[in-house]
Structures are given as structure tokens and as C-alpha cells.
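Visitor: Could you take me in for a close look at one part of this model, and then show me what lies around it? Keep it relaxed, but give me the details.

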Amino acid sequence: MNQKYLPLIATIIIFIVSYAVCAAQYPNILSTRVVGNLLTDNAFLGIAAVGMTFVILSGGIDLSIGSVIAFTGIFLAVMLESTSIHPLAAFALVLVITTLFGAIMGAIIHYLEMPAFIVTLAGMFLARGMAFVLSIDSIPIKHPFYATMKSFYYKLPGGGRITLIGGLMVLVFAIGILLAQRTRFGTNVYALGGGAQTSALMGVPVGRTTVLIYGLSGFLAGLSGIVYSLYTSAGYSLATVGVELDAIAAVVIGGTLLTGGAGFVGGTLVGVLIQGLIQTYITFDGSLSSWWTKILIGALLFAFILMQKAILLLSRQNKRYS
Amino acid sequence: MLNNTNDILTAVGIVKTFPGAVALDKVNFSLRRGEVHALLGENGAGKSTLIKCMTGAYRRDAGTLTLDGTEIDPHDTLDAQKLGIGTVYQEVNLLGNLSVAENLFLGRQPRRFGLVQTGEMKKRANALLAQYGIDINVSAALDSFSVAIQQVVAIARAVDLSGKVLILDEPTASLDAQEVEMLFRIVRDLKARGLGIVFITHFLEQVYDLADRITVLRNGQLVGTRETASLPRRELVTMMLGHELQSAEKAVAAAETSSGPVQFRFSNYGKAGTIKPFDLDVRKGEVVGIAGLLGSGRTETAELLFGVHKADSGTAEIGGKPANLSSPRAAIAARFGFCPEDRKVDGIIGELSVRENIALALQARRGWARPLSAAEQNALADRYIKALDIRTSDREKPIRLLSGGNQQKAILARWLATNPEFLILDEPTRGIDVGAHAEIIRLIGELCAQGMSLIVISSELEELVAYSSRVIVLRDRAHVAELTGSEITTEHIVNAIAAAPGAGEHP
């Protein structure tokens, strides 16, 4: 058995076991409605987490995601309220802006040799600030096109719905997996996580790859912002504070090494679903405080970090005695 | 010899200077097709500088480089690789987290419609490694294999990418005997395929086992290129260590073979994988020299004695009583001192002042609860600056601004301030100018006259002959000979270093 799959398998087992535990207590949790909602409710987090997976795989971090999502939401709300531009054009425009935003951060990280933590922290403040400049109010989006888009869904047997945004998240994950596993760009991302200097010596275009990684993360944060505005039908500059941390948690619970170089995009989907499942369970229970989500996520994160350390130690020992 | 059509790579008159030092001084080097060419020299001889000039890691200042008849000027290692020069380093420069196949084909994975064809890539990787007689799971992470296998993967990649010249920079340093055998089999195969191979190592055994020709560098200059078959070991060692053997002998009988009681006794002291167990007795006021080539276990011996590495066999006694030397702290408590070989890395703390650097070890021994007062530190610093004649404008100057010789003296002062009874000096005269050199040697004499016991490690054989009352010779990580009294001559030392294990072996 290939050792690199261990964390992924552990995550999947945890998900299945916790789903079984939830189902034993509340059989309704198995209904397709719950499954459909799980996808819809976590769509924006999932899409942003795909970008975060690439960033973390390359050994970096992107703290700007939450702010970029909020910026996208308020940008769309303001544009649709005060201009007659079609939402699709506004989507395209905002995606260009957020992609460029990410790519510029990537360029700064690479060419000025700055730590990703600092650069994206600055990006976080900048994006949040720009959101405030656009508006400090919560602006509803009443464009008829939004209603049209929300009316698209695939009806599952049992009354569940795969909404447009839920489906989009699954599609983004599928493309993300393909990109990571089957393209040269994907291998280069893993290579950077294994060691930037060695990668450069082996001919990996480090600069281009870094810019592309953060550009991709910016693009997906923008897409996530669009999804969030569809989900809430509003834009608010104080929304999605701390979503970048939820995304990081999903990536790590999904089995990706926080130091980079090892992990899977598919694992992040399971990580997002585990978070969503805990939230759903608390909703079903009705008496628990929603802070229990955070406590459980915290415990899970800690367990995963310990497990990664243990696997690392084990693999070292195996090598010694092989 | 130049323009020989059989030459695949020739370097003529290569010059490389760094601020304050000439690293390569008009060095010539030629490599033939189907040849293993060993490049030898002690630390600082210029081997790695020459390699880096040939692989584009450094830009040379002068000289020409000809590959396969055309002049080349690689501007980085990737460029050199494209031209045909591949390099494999001691620490494998591949990505452990990627699979073997990905490492072999990084950046040139077979694709269809933009997607990597993993099946095809695995097939090619298997075929490539089969040429080297290796059959492994190429989709497993590179990290999951032994260093030897990783080394072969690195060679396979380098040869596949470049295919004319292969440079092996100490590839065997961390391999065991069997693995070395496997590697050598592969190198011989590549040689038969017509590649030119440059081989750098510290193990003379391996040189005689594998190399067709040998080039020796010393202090940035070419000493000579010779056919291995006609170069006796002894002559090779002489070439490496220099000194046309003016047969320095003990001038002064003054180094009266100390007959005092043994103060420090190490019996069967050793550590598996680092240095074979040895016996070493050091008397009070005695200088014991340690000679050997780079990589023979000199520094390892010193670090073992000082507790940097913990011995896993044998005992240490001081004045007849068992002593605990399990860590540098314990060794310092037992009044040991150690000036390491690379003062820039292990010795000085560049940003701190001369005073702070001198006071460091004494303060460490006193512990943080009993700080040295400013007045005490000043007095200490002034005393040693004067006593050792450390040239500095004042004691608060950051030590990195001092010359090498003065830094060395400051480190010496650091240990003298702790009043050691047993002082280990690893290459105390490396990289310092002639004047400072003489002073350090004079100091060594004085210290031992004061009753201190010293162990001095040096590549400068005349130096060892001049001050040692005994010389221990190391080879292949073992103590192989001990010379005393009139036996101590450069000639005897060279003979002991060069002696082949198992007599009667051809040169």
C-alpha cells in the first residue's frame, strides 16, 4: 500500500464513521435532501478550499481568501444595483480582478522573495478594505437573473436537490483533481512543496508556477464569492470573516501536509464535508451551541496534525529497517 | 594532449577568484570518452569550484571550456545539462515527495491532450531503470527508497538528460560497501557506453578501484594529471598534501617524549558508523598530532572526544578516574576545550563583539545564574587581546570584521579563558596568513609548556612534525598508526596514510 494515501484513507474513514454515527441517531440524515443541502451550504467554502489546497501543496498559504470572497460579493451587489450591467459580465469582470489580485501576490512572493504569510496577510487587509470602500451596508441583490439561476437544480429521488452552486463545487473539485494529478502544472505544484530550490535545479519554472498557483487561488476565491452572493442574494463587506481558516482546516483534515508536497485535492472535499456534517448534526440536535462545530474542528485538526507526524516517523523507521 | 579527438570535455586555464582569494588559478582539466577521471584534493583545493565552473553554477573569470569540440559557456546548471553535462551530488538533489517516475520525467512528462499519461510515463521509467539493473515500483515516492537507489535514480535522470559527461560529487559518502559495489557496476556500464565520468571522493580505495586517471588540485592550482595505474599511492598522497617532501624531521629533540603520567586515557573509544574504536593516551603537557586525509575521521575523532557525538563503546578516564563526556557541556565541565575546523560555521558568532566571543565559553560554564560582570568581561577580553596579539581596533568590534587569523586567535582565547586542561584544535592554521600561522604555532608550544594537553588536527604535515610529541595517523575512519619520537617525519606520515590495507596490493 502506498503510504501517501494513508491520510486520505483516514479522512474518508472518519467521514464514513461519523456519518454512520449521525445516521444511527437521526436516520433522516441519510435523506437526499440533507446530502443536497450539504453540497449547497458548503459550496463557497469548497470552491475556495480547492484553491487553498494548491497553495498549501506548494508549501505556501493564502490568507486573503475570506476578504476576497466578501469583496466579490459587495462588488457584485454594488455593480448590479447601480449599473445596468448583466450579472454574467459582472461575474467575468470580478473574476479577472480577483485572478489578477492573486497573481500579483504570487509575483510579489516569488520575485521579492517575501513569505507568503506576510504577502497574503497584506492582501487580506487590502481586499477587506476595498470591500468597505465599496459599501459598508449589506446590499440585497434583486436582479431577476439571480432568481433564474437559483431555479436551476437537479432533483434527486427522495426530494433532494443538487443546486447549481452545489453542482459547481463538485465540478470544481473534479477539475482540481485532474489539474493536480494529471498535468505538468500539478506535478510542479507538488515539486515546489517538496523543495523550491531543488525544483529550480531540476528545471521547474518556479516563478511562473508560483504566479499561477496564487492566480488560481484568487480565481477560485472570486468564483467562491460569486457562489456566496448567489447563496445569500446579497453582498456585505463584513461577510465570510475567517473563511480562509476554515479552508485551511478543510485542507489539513483532508490529509494535505501543512508543510506542502503531499496531499490530495479530493481529500479537501471530504474535509469540507466533515465540517458540513458536524454543522448539520448540530442543527439536527437543536440544543447544542454552534460553537461545538469549532471545538470539534479544532480537535480534529489537532488529531490530524498528530497523525501526520506519526506517519512521518513511521515511514522513517520503515526506511531504516528496509 | 589538447585537441585530442578522444577528449570529450576540456578546460584550459580556468581562473576563478572570490573577493580576497583565488579559488582556481589557471587550472587545466581534460576528460576522455569512456573514462572515469578522479578529481582529488583536500578541503579548499578547488575541486568543487572547478566542478561548479564546468556545470555553470559559477561563471568562470577566465579560461575556455570545450565540450565535444565546441566551446561552451553554460550560464547555469540547467544550461550545462542541456549541453550534455549532468551532475549528481552527495545529498541527492531530487524531490523525495514525488514518485520515482515523476522525478525521472519532471518537466518532460509524456502528454496527450495536455494530460500527463501516467501509464506511459511509468513504462518509460521502468525501461530506463532496467538499463541500470533496477526493478522497483516507480510510482512509489522517491523517499521510500534507500539513498543508494535514490542515487541511481539521480544518475539515470542526469544521464538521460545530458548523456555526454557525468559528474559524481562524492556519491559514495553515505553508502555501505554493497551499495558502493552496485554504484560502481553502474558507473562501469556508463563508461563502457562512452560517457566521460568525473568522480570526486575522499576514499583512495575507490579511486584505485574505479578511476582510469587522476587529477590532483591543491590550493586552487593543478598539481598534475596522471594515469592511475602508474601512480603509486604514496605519490598520490604526496601530491594531495603538497610539500615536495623536504623531509621535515624533528628538529628539536626538545619535544622530549613526555614521560609523565597519562592524564587522559580513552580506551576502546568509538562510535559505530563514525569512527572505529581507538585507544588514546594523552599525557600532561603533551601535543598529540592527528594526521589523515579529509574524510579519514579526523574531525569525527575530535567531536567524539568533546562529546559532540556520544561514544557508543569504550571508556574515558581523567587522572585515573572515569569521566563523563557525553555532551559538550559535560566535556567543558571536565575542562575540555575544542576549536572546531570551520570557524565561520561552528566557531565565531559574527555579529557579536570580540569581547562577547571571548567571554562566551567561560560564561557558558558558569551558567546563566552567575553572569560575568562587564568589568570582568572587559578585563578578560583585554588580557587575551594582548596575550594573543589579536589585532582589533577595540574589543567591541564585531568579530566578523577581523581577519581570519585574528578570528582564530579569538576563538582560541575563548577556550583559554576557561582554563582548559585538554584542548582540541581542529585545523588551527587553515585559511590564515603566514604571520598569524607562525604565531599560532608558537602559542601551541607555549600552552603545552604550561602543562596543558593538546590534540592538534592538521593537514599541514610539517606543522605537525614541528610540535607533536606523537602523531596518530587516521585512514578510512580508523586509527591506523602511531608515530613517536624520531619516527615523526613527513615521510613516515605519508607512508602511513598511503599504506594500503592488506599489504602487497598493487599501487
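Guide: Let's go straight to β3 (residues 35-40) and β11 (residues 213-218) of chain B, two strands that pair in the parallel sense over 4 bridges. This is a predicted model, by the way. Look along β11(B) and you'll find B:Thr215 standing opposite B:Leu39. β11(B) also pairs with β12 (residues 221-227) of chain B, and here the strands run antiparallel, joined by 6 bridges. One register to check on that side is B:Ile214, whose bridge partner in β12(B) is B:Arg226. β11(B) and β12(B) form a hairpin with 2 residues between the strands, and B:Asn219 takes a positive phi there, near 50°.

Now zoom out a little. The domain assignment splits chain B into domain 1 (7-97 + 141-231), domain 2 (248-335 + 420-501) and domain 3 (346-419). Going from domain 1 to domain 2 of chain B, the C-alpha centres are 33 Å apart.

Further along chain B there's another sheet, an open one of 4 strands in the order β14-β13-β16-β17, with antiparallel pairing. Its edges are β14 (275-283) and β17 (321-322) of chain B; each has a single partner strand, so one side of each is left without a neighbour in the sheet. The partner of β14(B) is β13 (residues 262-271) of chain B, and 6 bridges hold that antiparallel pair together. For a landmark in that pairing, find B:Arg265, which stands opposite B:Asp281 in β14(B).

What about the neighbour? Chain B puts 18 residues in contact with 22 residues of chain A. On the chain B side, the elements giving two or more residues are α2 (77-83) and β8 (115-116). As for the makeup of that side of chain B, count 9 nonpolar, 8 polar and 1 charged residue.

Step across to chain A and you meet 14 helices and 4 strands. Its radius of gyration is 20 Å, close to the 20 Å that the globule rule gives for 322 residues, so chain A is as compact as a globular protein of that length. Along the principal axes, its C-alpha atoms fill a box of roughly 65 × 55 × 35 Å. Of the 322 residues in chain A, 50% count as buried. Take the chain A contacts between residues at least 6 apart in sequence, and 79% of them join residues at least 24 apart.

The UniProt record, an unreviewed entry, carries the annotation "transmembrane region" for several stretches of chain A, including 117-141, 243-275 and 295-314. In the model, residues 117-141 of chain A are 72% helix and 8% strand, with the end C-alpha atoms 34 Å apart. Residues 295-314 of chain A come out as 100% helix and 0% strand, and there the end C-alpha atoms are 29 Å apart.

One last stop in chain A is helix α12 (residues 243-253), which is mostly covered, with 10 of its 11 residues buried. Among the buried ones are A:Glu244 and A:Asp246, along with A:Val243, A:Ile248 and A:Val251. After α12(A) comes A:Gly255, and its phi is positive, near 100°.

Methods:
Residues numbered from 1 in each chain as written. Chains lettered and ligands numbered in written order. Predicted model: local features only at pLDDT ≥ 70, side-chain atom pairs only at ≥ 80, totals over all residues. Contact = placed C-beta atoms within 7 Å. Nonpolar A, V, L, I, M, F, W, Y, C, P; charged D, E, K, R; others polar. Pairing = 2+ DSSP bridges. UniProt positions renumbered as here; feature names shortened; annotations may be inferred. Rg over C-alpha atoms; globule rule 2.2 N^0.38 Å. Buried ≥ 20, exposed ≤ 12 C-beta atoms within 10 Å, placed from the backbone. Domains from an automatic or database assignment.
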